Amino acid sequence: MARVLVVGSGIAGLVAAIRASERHEVVVVTKDVLGQSNTRYAQGGIAGVMFEDDRVEDHVRDTLLAGAGLCDEAAVRVLCTEGPERIRELIAFGVAFDRDGEQFAKGLEAAHSYPRVLHAGGDATGAAIETALVRTLGARGVPVLEHTVLLDLDLRDGVAVGAHLWSAERGHVTLPADHIVLATGGVGQLYPFTTNPSVATGDGAAVALRAGAVLADVEFVQFHPTALTTRERFLVSEAVRGEGAVLRDAAGQRFMQLLHPDAELAPRDVVARGIAQAMAAQGGRPVTLDATALGAERLAERFPGIDAHVRASGVDWSTTPVEVAPAAHYWMGGVATDLDGRTTVPGLYAIGEVARTGVHGANRLASNSLLEGAVFAVRAVAAIDECGSGGPVAGRPVLGSVTIDLESTATALDGTTSAAPPFSRQALHDLMWRHAGLVRNASGLTEAQATLAGWTMRSAARPDEPDTLSAVEDRNLLLLARAVVAAALQRTESRGAHARDDHPAIDVAAARPISVTLAPALAPPPSSPPPLPLLNGSVLSPC
């Protein structure tokens with residue numbers, strides 16, 4: 001029996017904790033209350049080959065096409081092959097997916113060639129999954145530390161042997177563990193407009209980076225095309241467009257069919273940039289999502305949560321198109337792992353949105369994220385089972401790395417730091433939206449890089465109040481902003497969710513991931529056993 005620490009409580013973390021509790025001593029740490037995660041807000045669904053006339057090969061093909069040449073095909077095949085069994089396990093845990101008579105109701109979402117997306121409660125799939133998993137975890141008696149944030153890993157000779165945690169109630173504590181599983185979600189809070197909850201500040205990725213882990217594909221941030229323009233940027237699921245809703249400009253004209261043969265059901269990056277282009281042409285005014293053809297009864301039946309929210313905002317969307325705009329939604333990049341969730345730091349695993357498994361490439365296929373969380377959670381626990389209490393032994397990344405130096409300053413980049421505004425979360429949001437958002441270029445990214453370098457970790461952490469959650473989050477967001485900008489600057493092409501107006505075409509020679517590490521002097525030394533190559537360009541040794 002090994003000590004397993006799971007950090008995060010979305011689908012990936014909960015599935016891992018439930019599976020690991022069968023053989024190991026497990027503790028779950030979550031920054032908010034149990035059940036508060038990106039999973040809870042997932043309206044879309046979970047994609048899987050659950051119908052006789054669908055094929056795994058078709059799901060593989062759709063995923064590879066959406067990933068724009070950067071998916072690891074082996075990881076995609078794992079996802080699509082093992083996904084149906086993971087969905088059946090969710091059903092066994094109590095998730096009641098919607099049915100159409102005797103079979104599951106079929107849902108079509110963008111870039112899928114077949115309506116293979118399952119939903120629960122219409123547009124409450126994530127909440128249904130989260131509820132079932134939280135109930136199962138409670139029945140297993142797994143201890144949970146709520147309102148507790150991961151500060152850093154406890155490292156000994158480059159091996160993760162525990163975690164430094166902080167909470168307002170307990171202060172600083174160190175929890176020993178044989179295996180640490182990061183399931184902390186993405187980086188939506190890098191941006192002012194995001195569909196993610198406030199806890200999505202990239203904590204796990206930043207902690208892994210500081211511990212010497214390799215990150216990859218960090219430049220690829222997916223912007224969901226259709227978020228309401230209200231303050232909370234409530235997401236209007238892609239499934240609404242799958243049911244027949246269309247996008248219109250200020251003149252009431254459709255525009256997506258001029259940009260892509262699949263129109264409103266084109267890949268998300270295409271639709272998001274199409275909306276941004278239309279908004280720019282009309283002075284920044286939002287476009288509208290016209291779902292009036294569906295009618296009030298169908299909208300309320302199929303999308304009860306969205307229907308209630310839109311109506312609460314004062315709009316009857318069965319008769320009036322609703323204003324929408326893009327918002328940061330999902331991070332395709334993250335901590336580089338192998339097919340079993342192992343990172344390049346011994347004893348550390350990453351699953352779910354915090355991980356770069358190679359499944360998503362440059363652009364995530366709709367409704368693959370919940371599936372990825374479940375599939376790779378089970379594989380990570382299987383790897384832990386095989387290793388016992390020893391943990392994996394990891395090596396160092398090779399080839400194509402961007403080096404991030406935490407102590408760098410804007411002077412090294414631009415000769416002066418005087419032009420940089422004081423650090424604040426709002427200043428970071430404005431900078432990232434302006435220069436590392438939907439469309440990027442060398443001039444803006446270089447300016448962003450200089451400004452980010454001028455904001456030291458000390459200014460972000462606010463040393464006058466070091467034990468606040470916002471200080472911890474600011475430190476992590478600043479580090480990851482530097483990583484995103486550095487990788488985006490190096491990727492001199494447009495591919496998937498990464499668009500550069502100074503390099504608008506795909507560069508065939510650039511079809512490989514960009515890895516990000518800390519400066520060698522700041523990262524722990526590699527372990528001594530000879531490494532084995534990984535698909536993503538990093539290296540890993542077996543247990």
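Q: Which residue just after α4 takes a positive phi?
A: This is a predicted model, where local features need pLDDT of at least 70, side-chain atom pairs count only at pLDDT 80 or more, and totals for chains, interfaces and linings use all residues. Residues are numbered from 1 along each chain as its sequence is written, and side-chain values use heavy atoms, with hydrogens and water left out. Helices are DSSP runs of H or I, at least four residues, numbered from the N terminus. Right after α4, the residue with a phi of about 75° is Gly-141.

Q: How many degrees of arc hold the buried residues of α4?
A: Buried means under 20% relative accessible area, exposed over 50% and partly exposed in between (1.4 Å probe, protein chains only). The buried ones in α4 include Ile-129, Leu-133 and Leu-137, while Gly-138 and Ala-139 are exposed on the other side. Going by directions from the helix axis to the C-beta atoms, the buried set lines one face of α4, because its arc is within 170°.

Q: Is Ser-470 buried or partly exposed?
A: Ser-470 sits in helix α15. Its C-alpha is 9.2 Å from that of Arg-425, 45 residues apart along the chain. Its relative accessibility is 27%, so Ser-470 counts as partly exposed.

Q: Which helix gives the largest share of the largest nonpolar core?
A: A nonpolar core joins buried Ala, Val, Leu, Ile, Met, Phe, Trp, Tyr and Cys residues through side-chain atoms within 4.5 Å. This one has 59 residues, and Met-432 is among those touching the most other members. Ten residues come from residues 469-490, helix α15.

Methods: Helices (H or I, at least four residues) and strands (E, at least two) are DSSP runs, numbered from the N terminus.
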